[in-house]
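Colleague: Hi! I'm new to reading protein models, so could you walk me through this one?

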Amino acid sequence: MSPDIKHFNPDVVLDDAVRVFWRQGMPATGIQALVSATGLSRSSLYATFGNKDGLYAAALGRYIDQHSTPAFAALSAAPTGLTAIEDFFTGLIGVRCSGPVAGWGCMVTNAHAGPESADPAIRELLDAHHQTLQSAMRSALSTAAGLGQLAASVDPDAAAAVLATLAYGVNLRSRAGAAADTLRESVAGALVPLRARPAPAPTPQEVPPQ
């Protein structure tokens, strides 16, 4: 007889699974840890998600929907240019270095660094996530250019790629225990070359002798 799997909310189960996978990583997470976290039997988990790989893929998608997508949408739509990028990194560092998930890193970045990234379904999620992040950075840089904040020599596409990579670096370094101040200094240093320099103040005209 098939197990009755209609008595639980799959989204709640995924939220529980996200926390386990996020904290421990996919390779180190056994099915018993997922059974304990979700309160479901092994057979119910398998009946709903297929296997551990299927549950992980669903949990990673849930993480992206809940954490990454809203942040990227806000960055892309922000009218403040470089300030929006600063705010994005400030929020990222805050979450990574303080609060209930401090030291966990980013579930997506953790997946990039783990063997699970070889799974085609996971790779598709990671690639789509990266493109969305880079596109959001590109939109913010375009806004910055329109506001006169961006140095004329900056290539927005190249800068967006660098900033996306910097976000992964923040995630990895925070998981390794890097201090928030150190990460903020790194971000500030990366933004310096992007900024337009203010026009020099005009020098006062020499007053001819009377």
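Colleague: Which residue follows α7, and what is its phi like?

Modeller: That residue is Gly-148, with a positive phi near 75°. Keep in mind that this is a predicted model.

Colleague: Okay, and what happens at the other end, at the start of α7?

Modeller: There a side-chain oxygen of Asp-119 comes to within 2.8 Å of the backbone nitrogen of Ala-121.

Colleague: How many residues does α7 have, and how far does it reach?

Modeller: α7 has 27 residues, and from its first C-alpha to its last it reaches 39 Å. That is close to the 39 Å expected at 1.5 Å a residue.

Colleague: Which residues of α7 are buried?

Modeller: They are Ile-122, Leu-126, His-129, Leu-133, Ala-136, Met-137, Ala-140, Leu-141 and Ala-144.

Colleague: Many of those numbers go up in steps of three or four. Why do residues three or four places apart point the same way in an α-helix?

Modeller: An α-helix has 3.6 residues a turn, so residues at that spacing point the same way.

Colleague: Nice. What covers the buried residues of α7?

Modeller: The cover includes α4, α5, α6 and α8.

Colleague: Let's pick one. Is Ala-136 buried or exposed?

Modeller: Ala-136 lies in α7, and its relative accessibility is 2%, so it counts as buried. The cut-off for buried is under 20%.

Colleague: What does Ala-136 touch?

Modeller: Apart from residues up to four places away in sequence, Ala-136 touches Phe-72, Leu-75 and Ser-76.

Colleague: And how far is Ala-136 from Ile-85?

Modeller: They are 51 residues apart in sequence, but C-alpha to C-alpha the distance in space is 9.4 Å.

Colleague: His-129 was on your list too. Why does His-129 count as buried?

Modeller: Because its relative accessibility is 5%, His-129 counts as buried. The side chain of His-129 also makes a polar contact with the side chain of Ser-68, at 3.1 Å.

Colleague: What else does His-129 touch?

Modeller: Not counting residues up to four places away in sequence, His-129 also touches Ile-64, Phe-72, Val-108 and Tyr-168.

Colleague: Switching topic: how many residues are in the largest nonpolar core?

Modeller: The largest nonpolar core has 32 residues. Those with the most contacts inside it are Ile-85, Phe-88, Phe-89, Met-137, Leu-141 and Leu-163.

Colleague: Which elements give two or more residues to this core?

Modeller: Those are α4, α5, α7, α8 and α9. The largest share, eight residues, comes from α8.

Colleague: What about a second core, which residues does it include?

Modeller: The second core is separate and has 29 residues, including Ala-17, Leu-34, Leu-45 and Ala-59.

Colleague: Let's try α4. Is Arg-62 in that helix buried or exposed?

Modeller: Arg-62 has 18% relative accessibility, so it counts as buried. Its side chain makes a polar contact with the side chain of Asp-15, at 2.8 Å. Leaving aside neighbours within four places in sequence, Arg-62 is also in contact with Asp-11, Leu-14 and Val-18.

Colleague: Last thing: what is the volume of the largest pocket?

Modeller: The largest pocket has a volume of about 340 Å³. It is lined by 19 residues, and the closest to its centre are Tyr-63, His-67, Ala-71, Leu-92 and Arg-96.

Colleague: And which elements give two or more residues to that lining?

Modeller: For the largest pocket, those elements are α4, α5, α7 and α8.

Terms used:
Residues numbered from 1 in each chain as written. Predicted model: local features only at pLDDT ≥ 70, side-chain atom pairs only at ≥ 80, totals over all residues. Heavy atoms only, no water. Buried < 20%, exposed > 50% of the residue type's maximum accessible area, 1.4 Å probe, protein only. Contact = heavy atoms within 4.5 Å. Core = buried A, V, L, I, M, F, W, Y, C linked by side-chain atoms within 4.5 Å. Expected span 1.5 Å × (residues − 1). Polar contact = N/O pair within 3.5 Å; in protein donor to acceptor, adjacent residues only side chain to side chain. 1 Å grid on protein atoms, 1.4 Å probe; cavity = no way out; pocket = protein on both sides within 12 Å on 5 of 7 lines; lining within 4 Å. Points joined across faces, edges and corners; volume = space filled by probe spheres on them.
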